[in-house]
Amino acid sequence: SNMYTFEQCKKLELEIGTPAYLVNEDLFLNNLRDIRAAFKSLYQNIVVGYSFKTNYLPYLCKLALEQGCYAEVVSFLEYQIALKVGFTGNQIIFNGPIKRESEFVTALLNGSVINIDSDYEIDYLERLKEIYPENQFEIGLRVNVSIKDENGCSAIYGEEESGRFGFMEDEIDKAIERLTKINCKIISLHGHTSSKNRAINNYVQIIDKLFEIQHHYKLDIKYINIGGGFFGPVPPGMFGYATPSYKDYAEVIIAKLHTNRWFCENRPCLVIEPGMSVAASSMAYITKVFDVKKRSNRWIAQVDGNMFHIRPSMHTMKIPFQIISGRVIDNVETKRIDFAGSTCMESDVLVRTETCRQVHQGDFLEIDNVGGYTFVMGANFIQFLPHIAILKNNEFISLREGSNFDNFIEIFNW
C-alpha cells in the first residue's frame with residue numbers, strides 16, 4: 001500500500017516540485033526508539049550514536065538529538081552539522097580516517113569523544129601536549145577487527161582479510177606507548193567493522209577483540225563501542241532470507257558482554273552506531289511519469305527523477321515501489337515496463353517491473369526505503385538535486401530546497 005495518494009502527489013508537484021524525497025518521521029522515530037529499547041531493556045548504560053553519514057538531513061539529526069541520541073560523525077562537515085542542530089561537544093563521537101589538525105583540536109577541546117584511527121592523530125596529541133602540558137586528554141582508539149563468517153571466510157565488506165580502519169594488533173603497542181607517554185587516557189575502544197552479511201556473530205567477534213585489548217593493557221574504559229552495521233526493519237522480499245531484529249542483536253550482544261568479569265564489575269557504557277538500520281525507511285521518493293513509449297519488447301515510462309537519486313551506490317537490491325495513478329486501474333496483458341530516468345544514459349532505470357497495470361503520462365512512481373546513502377551522495381549530474389519535504393497535517397513543508405539555479409551557480413567562478 002502506498003504511503004501517498006495521487007492527490008498528495010499532485011499537491012507535492014504543485015507546491016514543492018518533483019522529483020522529491022519525502023521524510024517519514026514516524027518510521028524514523030519508531031526505529032530509533034525500538035533499537036534503543038531493545039538494548040536498554042537488557043542493559044541500562046546505552047548510548048545510541050546516530051550515524052550522520054547515512055542521512056545527515058538536519059531535520060532528522062535534530063529528531064535524533066531530541067530522542068537522546070549522540071551524533072556519530074566521520075568528518076568535520078558532519079561535526080558542524082551536529083553543532084548547528086544543537087548537539088553539544090560532549091554529545092558528539094568523532095570517527096573517520098581524515099581529521100585535519102584544526103578539526104581534531106576543536107573537537108578535543110569541545111569534549112567530544114574522538115576515536116583515533118591513525119598514527120598521525122597521535123602526532124596531533126603530542127603537539128597539543130606541548131601547548132597544554134597540564135591537561136590530561138581523553139581519547140578513544142579504533143581497533144581493527146578481522147570478522148569471519150560461519151565458513152571461516154572474511155565477512156568484511158569487500159572480502160579483504162583485514163579492513164582499512166583501526167589499529168592492527170602489532171600497531172596498538174606503539175600507539176598506547178606514545179599515548180601513555182603524554183598522559184593521554186584511553187576512555188573508548190571502537191570496533192566498528194563494515195560487513196556484507198550484517199550477522200549477529202560479527203558483534204561477538206568485535207566484543208571479544210575489544211575485551212582482549214582492554215584486558216591486555218588494563219584500560220579503564222568508559223565506552224565499549226561496537227559500531228553499527230545492523231539490519232533494520234526490512235521490507236519483505238528485499239533479501240530473500242529472514243534478517244535479525246534489533247531484539248535478536250541486543251540479546252546476543254548483551255549476553256556476550258556479561259560473560260566478561262571486567263564488564264560486569266565496571267558497567268561501562270555500550271555505544272551502538274546505527275545508520276542504515278534506522279534511516280533506510282525514513283524516506284520515500286516521488287517522481288512523475290512524463291511519457292510512456294514502446295521499445296521492441298518493453299515499455300519505457302519516462303520519469304523526471306533518476307537512479308542516482310535512489311541508488312547512487314549502484315546496489316542491486318530490490319527496493320519497494322508503487323505506481324500511483326489518478327485513473328481507475330485498467331488491467332491489460334502483463335508487460336515489461338522500465339521506469340527510465342532523466343539522465344542521458346541507457347542504464348538509467350529506476351525500476352524494472354512486469355505488470356498488468358497500464359501506466360499513463362501524469363502518473364507518479366513512489367519508491368520507498370531510500371533514507372540511507374541516497375541524498376547524502378547526491379550530485380548535480382544533468383539535473384538539480386531533488387527537493388526534500390515532509391507532509392504534516394496534509395501540508396508539505398520544505399526541508400531542503402532542490403532546484404534553485406542561484407544557490408547552485410554561486411559557488412563557481414569563471
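1. Two strands pair if DSSP finds at least two bridges between them. With that in mind, this note on a predicted model starts with strand β2 (residues 46-51) and strand β3, which pair in the parallel sense over three bridges; within this pairing, Gly49 has Tyr70 in β3 as its bridge partner.

2. The connection between these two strands deserves a look, since β2, helix α3 (residues 58-66) and β3 together make a β-α-β unit that is right-handed. From β3 the chain then crosses through helix α4 (residues 76-85) to β4, and this β-α-β crossover is right-handed.

3. Strand β3 is also joined to strand β4 (residues 92-94) by three bridges, the two strands running parallel, and here the bridge partner of Ala71 is Ile92 in β4.

4. As for the side chains of strand β3 (residues 70-73), Tyr70 and Glu72 point one way, while Ala71 and Val73 point the other way, and all of them are buried. Tyr70 is thus a buried residue that is also the bridge partner of Gly49, and Ala71, buried as well, is bridged to Ile92 in β4.

5. Further along the chain, strand β11 (residues 298-303) pairs with strand β13 (residues 331-340) in the parallel sense, over four bridges, and Ala301 has Phe339 in β13 as its bridge partner.

6. Strand β13 also pairs with strand β14 (residues 349-357), here in the antiparallel sense and over seven bridges, with Ala340 standing opposite Val349 in β14. A reader tracing β13 will therefore find it paired in the parallel sense with β11 and in the antiparallel sense with β14.

Conventions. Residues are numbered from 1 along each chain as its sequence is written. This is a predicted model: local features need pLDDT of at least 70, side-chain atom pairs count only at pLDDT 80 or more; totals for chains, interfaces and linings use all residues. Side-chain values use heavy atoms; hydrogens and water are left out. Buried means under 20% relative accessible area, exposed over 50%, partly exposed in between (1.4 Å probe, protein chains only). A crossover is right-handed if, with the strands pointing away from the viewer, the path from the first strand over the helix to the second runs clockwise.
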